[in-house]
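Colleague: Before I accept the labels attached to this model, I should like to hear the reasoning behind them.
Modeller: Please look at the structure, and then put your questions.

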Amino acid sequence: MRLKGKKMLSPKPFSEMTEEERYSQLEKLANVLERMRIGDYLSNFNRPMRIIWLNLLGGIAKGVGLTIGATLVIAIIFKLLSALIAMNIPYLTDVLQDVVQIVKTTPGLEKVQSLSDSELQEINQLSDGVDSNLKEEPSGTKSN
């Protein structure tokens, strides 16, 4: 067993120790317990309302932190998606527009809008132009 990098010899059984060795071992144990703050921990068991109160506050803090964190992550994802849509990458734009449309039409998510209506119209116009350019065959090529 080690204590802060020091090797401890396995002690003799308590019954075989001299009075001084017992006292020394008990002092070491008392020091370790003081450093671990076991007394503070055990005092909490005498006050169960304090434990309930601390757990309640901890749960509220975790819930608020989770909500704020999830909101930020979702907002960043929607901003990245809108930036990708604005890049007008032919296939990717259509897929991302479908994702945005699904989010907007999902019940309960009506208020979540990553793009304004004018931005969506602009993106639709751009993607319609890309679709029409893709459908036209280049001149001078034969189709099989």
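**Reasoning from the predicted model**

Modeller: Let me begin with the interior: in this predicted model, the largest nonpolar core has 6 residues, namely Phe78, Leu81, Ile85, Leu96, Val100 and Val103. Two elements, α3 (48-87) and α4 (90-105), each give two or more residues to this core.

Colleague: Which residues of α3 are buried?
Modeller: In α3, the buried residues are Phe78, Leu81, Ser82 and Ile85. Buried means a relative accessible area under 20%. Over the protein as a whole, buried residues make up 13% of the 144 residues.

Colleague: Why is Val64 called partly exposed?
Modeller: Val64 is in helix α3. Its relative accessibility is 44%, and the class runs between the buried limit of 20% and the exposed limit of 50%; Val64 therefore counts as partly exposed.

Colleague: What makes Val64 eligible for a nonpolar surface patch?
Modeller: A patch residue needs over 30% relative accessible area, and Val64 has 44%; the value therefore passes the cut-off. Val64 forms the patch together with Trp53, Leu54, Leu56, Leu57, Ile60, Ile68 and Leu72, with about 760 Å² of accessible area together.

Colleague: How do you know that the span of α3 is close to the expected one?
Modeller: α3 has 40 residues, and its first and last C-alpha atoms are 58 Å apart. The expectation at 1.5 Å a residue is also 58 Å, because it is taken as 1.5 Å times one less than the number of residues. For α1, with 17 residues, the span is 25 Å, close to the expected 24 Å.

Colleague: What makes the contact between Arg37 and Asp40 a salt bridge?
Modeller: The side chains of Arg37 and Asp40 meet at 3.0 Å, N to O. The cut-off is 4 Å between a side-chain nitrogen of Lys or Arg and a carboxyl oxygen of Asp or Glu, so the pair qualifies as a salt bridge. Side chains of opposite charge can pair when their charged atoms come close. A search of the whole structure finds 1 salt bridge.

Colleague: Why is Arg37 called exposed, and why is Asp40 called partly exposed?
Modeller: The exposed class begins over 50%; Arg37, at 55% relative accessibility, therefore counts as exposed. Asp40 has a relative accessible area of 40%, so it is partly exposed.

Colleague: What is the sign of phi at Arg37, and where does the residue lie?
Modeller: Phi of Arg37 is positive, near 60°, in a residue other than glycine. Arg37 lies in the loop between α1 (19-35) and α2 (38-45). Most residues other than glycine have a negative phi. Asn88, which follows α3, also has a positive phi, near 60°.

Colleague: How many helices and strands does the protein have, and in what pattern?
Modeller: There are 5 helices and 2 strands, and the pattern along the sequence is β-β-α-α-α-α-α.

Colleague: What share of the accessible surface belongs to carbon and sulfur atoms?
Modeller: The accessible surface is about 12,200 Å², and 63% of it belongs to carbon and sulfur atoms.

Key: Residues numbered from 1 in each chain as written. Predicted model: local features only at pLDDT ≥ 70, side-chain atom pairs only at ≥ 80, totals over all residues. Heavy atoms only, no water. Core = buried A, V, L, I, M, F, W, Y, C linked by side-chain atoms within 4.5 Å. Buried < 20%, exposed > 50% of the residue type's maximum accessible area, 1.4 Å probe, protein only. Helix = DSSP H or I, 4+ residues; strand = E, 2+ residues; numbered from the N terminus. Areas by Shrake-Rupley, 256 points an atom, 1.4 Å probe, with all protein chains shown as cover. Patch = residues over 30% accessible without salt bridge, like charges linked within 9 Å, V, L, I, M, F, W, Y side chains within 5 Å.
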